[in-house]
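Please work through the exercises below with the sequence and the structure open beside you, and try each task before reading its solution.

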Amino acid sequence: MSEPGPAPLIEVDGLERRYGERAALSGVSFQLGERQTLGLFGPNGAGKSTLLRVLATLLRPHAGAVRVLGASLPDESWKARGKVGYVGHEPLLYRELSGRENLVFHARLHRVAEARVDELIEAVGMQRRARDPVRELSRGMVQRLSAARALLHDPPLLLLDEPYSGLDPAARELLDPLIGKPSGRTRVLVSHDVEGGAAESDLALGLRAGKQQHFGKPDPAALRGLYQ
Amino acid sequence: MIGTAWTILRKDLQIELRTKESVPAMALFSVTVFVLFHFGLQRNELEGDLASGVLWVTLILATVLAVNRLFVTEREQGGIDGLLLAPIDRTAVFIAKAGALFLYLVLLELVAVPAFGILLLGPDLFKPLPVLILLLVLADIGLASVGALVSALAVETRARDLIVPLLLLPLLVPVAIAGAEATEPLFSGNQSPHELGKWVGLLGLYDMVFLLVSIAVFDFLLED
Amino acid sequence: MYGKGLRTLSIASAASLGTALGLVFFYAPLDADQGFIQKIFYIHVPLAIVTLFGFIAGGLMAIKYLRSGDRSWDMRSYVAIHLSIVLAVAVLITGAIWAKASWGHWWVWDEPTLVSFLIIFLLYCCYQPLRFSIEDPERQARYAAVFAIIAGAFVPLNFIAVRLAQAFSHPRVLSTTGGDMPGSMRLTFLVSVLAIALLYVTLWKLELTSKNASHQLKRLRQRLELEAEERQTRGGAPAPPVSTVPASPRET
C-alpha cells in the first residue's frame with residue numbers, strides 16, 4: 001500500500017447522473033490521492049463505466065461536486081482534458097488506419113512529439129504490426145494499442161475500464177509496468193476480478209444500481225456481496 | 001484551432017483515400033442520375049432552365065450521399081470519444097468535417113460537370129465555365145456547412161438514413177434556387193450571366209448565415 | 001405554474017375571434033374580382049404570420065434552453081413548434097382553397113408565401129421524428145433545440161430566396177388591391193391577426209399546462225415504483241401495488 005499524497009487528485013461529493021428519470025449514479029462520494037489506485041466494483045449496469053466516463057469528462061455530472069486534477073467538472077472540464085488517459089470498452093482507433101497512423105493522429109491532437117509514438121509502440125511490443133490496418137489486428141493487439149494511445153501524453157491520471165479483458169498473460173505482463181500498479185500512476189480501475197482487483201487497489205468503491213454501497217480499504221468479502 | 005481542424009481533416013482524407021467510399025459513389029450516382037434524366041425527360045440534349053435544373057438537383061442529391069457517411073466513421077469506430085477526450089476546441093471538428101465535405105463536393109464536380117457537359121448539355125460548356133465555377137464554389141460552402149451540421153444531428157438517431165435526406169433537402173432549397181436561376185442564362189442564348197449579383201448575393205448570405213449558426217450550435221451536439 | 005392567466009387568455013381569444021368574425025362577415029368590403037371567397041384572406045394571411053412567428057419563437061426558446069439548461073424552455077419550444085406545424089397545415093389548406101376559388105387551380109407556384117410555407121412545412125415535419133428517435137431524454141432535448149435554431153434561421157432566408165425567384169415573374173396572384181388596403185380592410189385584417197395570435201398563445205399555454213401536469217404525474221408514479229422496489233429488495237414484505245395508490249398532481 002502506498003502513502004497517500006498531499007492533495008487528492010480526485011474529489012467527488014454527492015455525484016449524480018441521471019438517464020431520463022432513472023438514476024445512473026447517485027450519492028457517489030470519494031477521494032483519491034496521488035499514486036493511489038481506486039478499484040471500482042459492482043455488477044453489470046451498476047454504473048462503473050458511467051462513473052469512469054464522468055471522470056474522463058465525457059459525461060457531465062448532473063448534480064454534486066466533482067474535481068479532477070484540480071479542475072471542477074463540468075465548468076472547467078477543458079482544464080482536465082488532455083491530462084487523463086482513458087482506456088474504455090472501445091479502443092478509440094480507426095479501423096482503416098494503421099496502429100501507427102492512429103497514434104500519430106492522437107499525438108497531434110494532444111500536441112505530443114511523434115517520437116513518443118515510436119517509444120510507446122515499442123513499449124507495448126507492437127513494432128512488427130504497427131503499420132498494419134487496425135481491422136487486421138487481434139483483440140489483444142488492439143487493446144495494447146489502445147493503452148499506448150492512452151499513455152501518449154503521459155497523463156497524471158489513468159482511467160481504465162477492464163483493460164486486461166481479452167489479453168493473454170504475455171500481453172498482461174507487457175502492459176503491467178505501463179498501466180498496472182508498478183507504473184506508480186494514479187489510477188481508477190474497473191475490474192470484474194474481485195480478488196485480483198482488490199489486491200491491486202489502495203481503495204475500493206462498490207456500486208450497485210448506481211448507488212454507492214461501500215468505500216474504503218478493499219474488503220473482498222464485502223465486495224463479493226455486491227454481486228449477490 | 002486551424003491546426004487541429006487540419007489534423008482531423010487529414011485523418012478523414014486518409015480514411016477516404018483508403019476506403020474510397022464517398023467520392024466514387026457520389027460521382028457514379030451523378031452520372032447514373034444523368035442517364036435517368038435522359039430517359040425520364042426523353043431528351044438527348046438539354047438547355048436553359050431544364051439543363052440548369054437537372055445539374056443542380058443532381059448535385060444536391062449527391063450531397064445527401066456524402067452527408068450520410070460523414071460522421072458514420074466516427075460513430076462506428078468509436079472515434080468521437082477520442083476527439084472529445086483531446087484538449088481541442090470542438091469547433092475544429094465541425095470545420096474539419098465541413099472541409100472534408102467541401103473537398104468531396106469539389107472532387108465530385110470535377111467529374112460530374114464534364115460528364116453533364118458531354119452527356120446532356122446542348123450548349124457549350126467552356127464559355128460559361130468561369131462563372132459556373134464561382135457559383136459552384138459558393139454553393140459548396142453552403143452545402144458543406146449545412147451538410148456537416150445535419151450529419152452530426154442525424155448520427156445519433158435511429159433512422160439515420162431517412163432523416164438525413166428529409167432534413168437536408170428543404171434546407172438546401174435556397175441553394176437550388178440561387179444555383180438554378182443563376183445558371184439558366186449560362187446554358188441558353190448567348191450564355192452570358194443575367195442578374196448574377198442577385199444570386200451570388202443570396203448564396204453569400206446563405207453561406208454566411210449557416211456557417212455562423214452551425215459554428216454556434218455545433219458544440220452542443222458533441223457534448224454530453 | 002403554467003396555468004396562470006389561462007382563463008383570461010381564453011376569454012380574450014374568444015372575444016377577439018368573435019369580433020374578427022363579425023368584422024369579416026359584416027364590415028369588410030366585398031372584393032370586386034374574387035367575390036366572397038376573398039374573405040379567406042382574413043384567415044389565411046394572419047395564420048401564416050402567426051405560424052411563422054411561432055417557428056421563430058420556437059427557435060428563440062431553444063436558444064434559451066441551450067444557454068440555461070432549463071428543460072422547461074425546451075418544453076416551451078417543443079409546444080410552440082408543434083402548434084405551428086399544425087397551423088402550417090391550415091395555412092396550406094386555406095391557401096389551396098383560395099387558389100382554387102380565384103384561379104381554378106389547387107396550387108399556384110407563383111404565390112411566394114404559399115411556396116415558402118410548403119418548404120418550411122416539409123422541413124419541420126422532421127422535427128418530431130428526429131426528436132422521438134433519440135432515446136436519451138437530455139440528448140433529445142439538446143438535438144431538438146439545435147434543429148429548432150437551424151430551422152428558425154432558415155425561415156427568413158427561405159422567404160427571401162423564394163421571393164427573389166418570383167420577383168420578375170407574375171405579380172402576386174393572391175394579393176389584394178396591391179399595396180394599400182382600404183381602412184375597413186386594414187382594421188379587419190389587424191383584428192384577425194390579433195385574434196389568431198391570441199388563439200395561438202392560449203393553445204400554447206393550454207398544451208404546456210396539460211403536458212406539465214402529466215409529466216409530474218409520471219414522475220410521481222416512477223418515484224413510487226422505485227421506492228416500492230427498494231423496499232422489496234431491502235427486506236421481506238412485498239410492497240403494495242402502485243396502481244392502488246392515487247397519484248394526483250399538485251395544483252400549481
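The exercises that follow concern a predicted model, and each task is followed by a worked solution.

**Exercise 1. Overall form of chain B**

Task: Work out which elements chain B contains, and how its radius of gyration stands against that of a compact globule.

Solution: Begin by counting the elements, which gives 10 helices and zero strands in chain B, so that the order from the N terminus reads α-α-α-α-α-α-α-α-α-α. Next, take the extent of the chain: along the principal axes, the C-alpha atoms of chain B fill a box of roughly 55 × 35 × 30 Å. Then apply the globule rule, under which a compact globule of 224 residues would have a radius of gyration near 17 Å, and since chain B has 18 Å, the two values agree. Turning to the interior, buried residues account for 52% of the 224 residues in chain B. Finally, of the contacts in chain B between residues at least 6 apart in sequence, 88% join residues that are at least 24 apart.

**Exercise 2. Confidence along chain B**

Task: Find which helix of chain B has the lowest mean pLDDT and which has the highest.

Solution: Start with the whole chain, for which the average pLDDT is 91, with 99% of the residues scoring at least 70. Then go through the elements of chain B, where the lowest mean, 75, belongs to helix α4 (residues 72–76), while the highest, 95, belongs to helix α6 (residues 91–119).

**Exercise 3. Two sides of a helix in chain A**

Task: Decide where around helix α6 (residues 169–179) of chain A the buried residues lie, and say which elements they pack against.

Solution: First list the buried residues of α6(A), which are A171(A), L175(A), L178(A) and I179(A). These residues lie on the same side of α6(A), because they cover an arc of only 65 degrees around the axis. It helps to recall that an α-helix has 3.6 residues a turn, so residues three or four places apart point the same way. Now look at the other side of α6(A), where P169(A), A170(A), E173(A) and P177(A) are exposed. As a last step, identify the neighbours: the buried residues of α6(A) pack against α4 (114–123), α5 (139–151) and β7 (157–161) of chain A.

**Exercise 4. A strand and its partners**

Task: For strand β3 (residues 37–41) of chain A, establish how many residues are buried and which residues stand opposite L40(A).

Solution: Counting along β3(A), five of its five residues are buried. Sorting them by face, T37(A), G39(A) and F41(A) lie on one side and L38(A) and L40(A) on the other, so that both faces of the strand are covered. Next, follow the pairing: four bridges join β3(A) to strand β8 (residues 186–190), with the two running parallel, and four bridges join β3(A) to strand β9 (residues 203–208), again running parallel. In β8(A), the residue opposite L40(A) is V190(A), and in β9(A) it is L205(A).

**Exercise 5. Where chain C meets chain B**

Task: Determine which element gives the most residues to the side of chain C that touches chain B.

Solution: The contact takes 25 residues from chain C and 24 residues from chain B. On the side of chain C, the elements that give two or more residues are α4 (112–124), α5 (127–132) and α6 (137–166), and α6(C) gives the most, with 16 residues. Classifying the residues on this side of chain C yields 21 nonpolar, two polar and two charged.

Note on methods: Residues are numbered from 1 along each chain as its sequence is written. Chains are lettered from A and ligands numbered from 1 in the order in which they are written. This is a predicted model: local features need pLDDT of at least 70, side-chain atom pairs count only at pLDDT 80 or more; totals for chains, interfaces and linings use all residues. Two residues are in contact if their C-beta atoms, placed from the backbone, lie within 7 Å. Ala, Val, Leu, Ile, Met, Phe, Trp, Tyr, Cys and Pro count as nonpolar, Asp, Glu, Lys and Arg as charged, and the others, Gly among them, as polar. pLDDT is the predictor's confidence in each residue, from 0 to 100. A residue is buried if 20 or more other C-beta atoms lie within 10 Å of its own, exposed if 12 or fewer, and partly exposed in between; C-beta atoms are placed from the backbone. The arc is that of the directions from the helix axis to the C-beta atoms. Two strands pair if DSSP finds at least two bridges between them. The radius of gyration is taken over C-alpha atoms; the globule rule is 2.2 Å times the number of residues to the power 0.38.
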